[in-house]
Amino acid sequence: MGCAISGLAPKPSVEGNTEAAVAHLSEDQIQMIKESWKVIRDDIAKVGIIMFVRLFETHPECKDVFFLFRDVEDLERLRTSRELRAHGLRVMSFIEKSVARLDHLERLEALAVELGKSHYRYNAPPKYYSYVGAEFICAVQPILKERWTPELEEAWKTMFLYVTSLMKQGYQEEERIHQRHVMTSPQERPDKRNTAL
């Protein structure tokens, strides 16, 4: 498809430690991300649509998470979908907020964890999160043209690794809360009053 990135798999030195992932972002990398974002945001709707159409092309199983797009086979119809544009803009807005919070990690952490919790409620499992980052990187390369460098790619990958690890954390927290609720709800708990006949 024209974009051959190595993916967003965690590096051994970063795996399991979300703070280490963002700690790998130097001040220079943070500045590179912020500067590149200034160019990307001019095409924010376009990037959002490209990102999700590519996601559905490369990982069609992801469509199952999206009720509105589940049965859409025609990618051209997706490109012109008002709903896909709206969702792409929401994701791009989240990326914009993430970039703005790179200097305020506690705020970025709260934002990403909350998004992970909402993804649990939408039944969008963590296995798909890194795909979005990879497709974002593919979508912005042509927009950034000669500004795109291996160093910038590494900076964006590191940021997405950090954010998706926080989203996974939020998803898992929400999942644990739900499981505890199910275990303690009256419908699921054996009622001792009704055991003697």
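How close do the axes of α3 and α7 come, and at what angle do they cross? The legends below take up this question first and then turn to further views of the predicted model.

**Figure 1. Crossing of helices α3 and α7 in the predicted model.** The axes of α3 and α7 come within 8 Å and cross at roughly 125 degrees. This angle makes α3 oblique to α7, because angles over 145 degrees would count as roughly antiparallel and those from 65 to 115 as roughly perpendicular. The crossing in which α3 passes α7 is right-handed. On the α3 side, the residues that meet α7 are V47, I50, M51, R54, L55 and T58. Their counterparts in α7 are Y131, V132, E135, F136, C138, A139, V140 and I143.

**Figure 2. The aromatic pair of W37 and W156.** The whole structure contains 9 aromatic pairs. In one of them, W37 and W156 lie 6.4 Å apart, centre to centre, with 50 degrees between the planes, and the pair is tilted. The two residues belong to distant parts of the chain: W37 sits in helix α2 (residues 27-40) and W156 in helix α8 (residues 150-184), 119 residues apart. W37 has 3% relative accessibility and therefore counts as buried. W156 likewise counts as buried, because its relative accessibility is 0%. A cluster linked by ring pairs contains W37, F136, W156 and F160. F136 of this cluster is also one of the α7 residues that meet α3.

**Figure 3. The aromatic pair of F56 and F66.** The ring centres of F56 and F66 are 5.4 Å apart and the planes stand at 70 degrees, so the pair is edge-to-face. F56 lies in helix α3 (residues 44-58), whereas F66 lies in the loop between α3 and α4 (75-79), and 10 residues separate them. Both F56 and F66 are buried.

**Figure 4. Loop residue N123 and its positive phi.** N123 is found in the loop between α6 (105-121) and α7 (129-144). The phi angle of N123 is near 60 degrees, a positive value in a residue other than glycine. The relative accessibility of N123 is 55%, so the residue counts as exposed, the cut-off being over 50%.

**Figure 5. Loop residue K145 and its positive phi.** K145 is found in the loop between α7 and α8. Here phi is near 50 degrees, again a positive value in a residue other than glycine. At 60% relative accessibility, K145 counts as exposed.

**Figure 6. The whole protein as context for the close-up views.** The protein has 8 helices and 0 strands, and its pattern along the sequence reads α-α-α-α-α-α-α-α. Of its 197 residues, 46% count as buried; W37, W156, F56 and F66 are examples from the views above. Contacts between residues at least 6 apart in sequence join residues at least 24 apart in 75% of cases. The accessible surface of the protein comes to about 11,600 Å², and carbon and sulfur atoms account for 52% of this area.

How values were computed:
Residues numbered from 1 in each chain as written. Predicted model: local features only at pLDDT ≥ 70, side-chain atom pairs only at ≥ 80, totals over all residues. Heavy atoms only, no water. Helix = DSSP H or I, 4+ residues; strand = E, 2+ residues; numbered from the N terminus. Buried < 20%, exposed > 50% of the residue type's maximum accessible area, 1.4 Å probe, protein only. Contact = heavy atoms within 4.5 Å. Areas by Shrake-Rupley, 256 points an atom, 1.4 Å probe, with all protein chains shown as cover. Phe/Tyr/Trp six-rings, centres within 6.5 Å; stacked < 30°, edge-to-face > 60°. Axes fitted to C-alpha atoms, helices over the stretch in contact; angles between N-to-C directions. Parallel < 35°, antiparallel > 145°, perpendicular 65-115°, else oblique. Left-handed = near helix turned anticlockwise from the far one by under 90°.
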